Amino acid sequence: MSAKPDSKKVAFSWKVSGTRFAMQEVESAWRFEKRPGGWVIAERTLADGGVERHRFQAWEFRTRFQAAIEGRNLAGEVLLKTRAGAAAGSGDSDLTAQFPGKVRKILVSEGERVAEGTPLMLLEAMKMEFSIKAPFEGVVKKLCVAEAQQLSPGQQLIELDPVPAKGGSSE
Amino acid sequence: MGSALKPGKVLVANRSEIACRVFQTCREMGLKTVAVVAPGDEEARHITYADEVHRIPGYLDIPSIVEVARKSGTTLIHPGYGFLSERPAFVSALEKADIGFLGPTAETMELMGGKIIAKEIATQAGVPTLPWARVAQGGDFKTAAAKVGYPLLLKAAAGGGGKGMRRVDRPEDLDSAAESAAAEAIAAFGDGTLFLERLLERPRHIEVQVFGDGHGHGVHLNERECSLQRRHQKVWEEATAPNLPAKTREGLFTAALNLVRHVKYRSAGTLEFLVDESGEFFFLEMNTRLQVEHPVSELVTGVDLVRAQIEQALNPKATILKDSPSPRGHAIEVRIYAEDPYQDFMPTPGKVERVRWPTGPGIRVDSGIEEGQTVGTSFDSMLAKLIVYAEKREHAIARMRYALDETVIFGLGSNQAWLRALCDSPAVIEGRVWTSWLGTHFAQEKPRLSASAQDLLVAARKAGVISQGSGQADIGGGAPGASSYPSPFVRYGSGGVQ
């Protein structure tokens, strides 16, 4: 992926369910009114003199940012380091146990090269099976867990080295 | 029959939203209520709903529940769905202890709850079924599968709810599918016996709600369409089914009532059918309990199924529901789960920081959560059921859009945005879906956010109008402030970068 020149400044990057929204810095004049019940009314005057109006709720805690707007309740993570392009940074959290569970099966071995989306292991939680897929193309550096192992949230599952793209930098 | 009611005390051997739903009717009827709570579930909502609460080691612990019932003077037990709701051993234990059960007899449950016997009975009653076979763990799958034919479905012979289900298209995929299905079946039900069944292409899942008096009289409360499922877990249910040929509907009702009469069914139950593109139907199985999606039938018929169950139990010789009620209007239910549909439906546990439910005409919320409660991964991830009712189906869909727009759940991720997107899907609007449609035709959707909304949120953040969290939202015993706190929003899988 080539790093795009920053034509507009990114205020923060918001990662919602694997989709990253580059939330751009704005100059526009929104007027806000906080209402009982957690609602916020936002208005701005448009060029044609009309008024754009939204009613929404939003909530933020640590790196978590959640908004109920336009009929969508979006739960995401604010990535403060808005490094353009590179995969580094978010890779690790994709390969960490997010909830208690158990390793059911490991599908790759150390040193194996995997394409993006390759299933790496199967986890069991809430009596269901989930597959952990490679978030990017890479080489399996280390398996941090064993089959049948119990997992606690935050535990690293696997270390994956990104395959350096042409002239790629690893940081 | 209401005048004949004897004073009673109802224990719900279940948790969360379904326990609350049963307690509501009990309270309306002036009956005392007893809740049970398992370790790790102390924050669950149902605990505050009952007149008394008792600790039990687990929701599957029959002796403890019977003991609590004895100790508390319980006269009736409602099993809810899941857990012990379809365990004949539980009903037998209650029958021995002379405690009423809000459901069928142990004998009927044994018959109809067993997928295989149920099919045999269906065949006796002249109801068509799909080719099937049953194989014990380690048994000869190849021969059985060849007899059934491909594509086929593997599922746990015990239980339901989509646990242990696998689709197998070719003989060479059979072994690995059987292995993992058996493992899931053992984990969920302690029994690795698998059931093989022929799979129809693009079938609809239509089920008939029934109610029997236990002496051979039964009524139906019309059908529900539950074709929108993923991994055989329903997410959207309707009453009645759109675009169902009148002949098919009549056939379904006749078949359902034949079965109900044949087994002298008592209380509420559901017969599940698959309907193919020509309108031909096949009996799948009977759920001998109240179902998750029962509210849609209640809304279109005006019958409170839990009240009917209680009245039938208190007046065993009477016929509580005499005639099949005609449906009026249209109802839709969606299930709000703590899961991320955009990332392989990963669980999204966390602390519920804020809840706002929709209000207004035609809206029912069967909620299992409270603000401030932590939703972990030890129990079912369903947070609530959002149910709407309107005169016409298209109005019900519009109402569901409104209801979802008004719903705010902060602190943990959910499938809410995905459900909202379903309301805009042409196939859903036109009622042209089948059981695998969600998995194959809808899953690729991504979360969307307009440029205008992005702009607004950046400005709102700067202006300081965004609510800040409580700081107590940790799960899994993590200390507040610990930097290693795992965000419930970061998920594995499906190309999380870029």
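## B:Tyr59 and its ring partner

In this predicted model, B:Tyr59 is buried, with a relative accessible area of 3%. Let's see which ring it meets. Across all chains there are 15 aromatic pairs. In one of them, the ring centres of B:Tyr59 and B:Phe83 lie 5.1 Å apart with the planes at 45°, so this pair is tilted. The contact joins distant parts of chain B, as the two residues are 24 residues apart: B:Tyr59 sits in the loop between strand S3 (52-55) and helix H2 (62-72), and B:Phe83 in the loop between strand S4 (76-78) and helix H3 (88-96). B:Phe83 is partly exposed, at 32% relative accessible area.

## An edge-to-face pair

Next come B:Phe90 and B:Phe101, whose ring centres are 6.2 Å apart and whose planes stand at 90°, so the pair is edge-to-face. Because B:Phe90 belongs to helix H3 of chain B and B:Phe101 to strand S5 (residues 100-101) of chain B, the pair ties together parts that are 11 residues apart in sequence. B:Phe90 is buried at 0% relative accessible area, and B:Phe101 counts as buried too, at 6%.

## A cluster in chain A and charges over rings

Over in chain A, ring pairs connect A:Phe12, A:Trp14, A:Phe21 and A:Phe65 into a cluster. The face of A:Phe12 also has B:Arg461 over it, 4.2 Å from the ring centre. Within chain B, B:Arg202 lies over the face of B:Trp434, at 3.9 Å from the ring centre.

## Helix H9 of chain B

Have a look at helix H9 (residues 294-301) of chain B as well: this helix is mostly covered, with 7 of its 8 residues buried. Among them are B:His294, B:Pro295 and B:Glu298. After H9(B) comes B:Gly302, which has a positive phi, near 80°.

Terms used
Residues are numbered from 1 along each chain as its sequence is written. Chains are lettered from A and ligands numbered from 1 in the order in which they are written. This is a predicted model: local features need pLDDT of at least 70, side-chain atom pairs count only at pLDDT 80 or more; totals for chains, interfaces and linings use all residues. Side-chain values use heavy atoms; hydrogens and water are left out. Buried means under 20% relative accessible area, exposed over 50%, partly exposed in between (1.4 Å probe, protein chains only). Helices (H or I, at least four residues) and strands (E, at least two) are DSSP runs, numbered from the N terminus. Rings of Phe, Tyr and Trp (its six-membered ring) pair if their centres lie within 6.5 Å; planes under 30 degrees apart count as stacked, over 60 as edge-to-face and the rest as tilted. A charge sits over a ring if NZ of Lys or CZ of Arg is within 6 Å of the ring centre and within 35 degrees of the ring normal.
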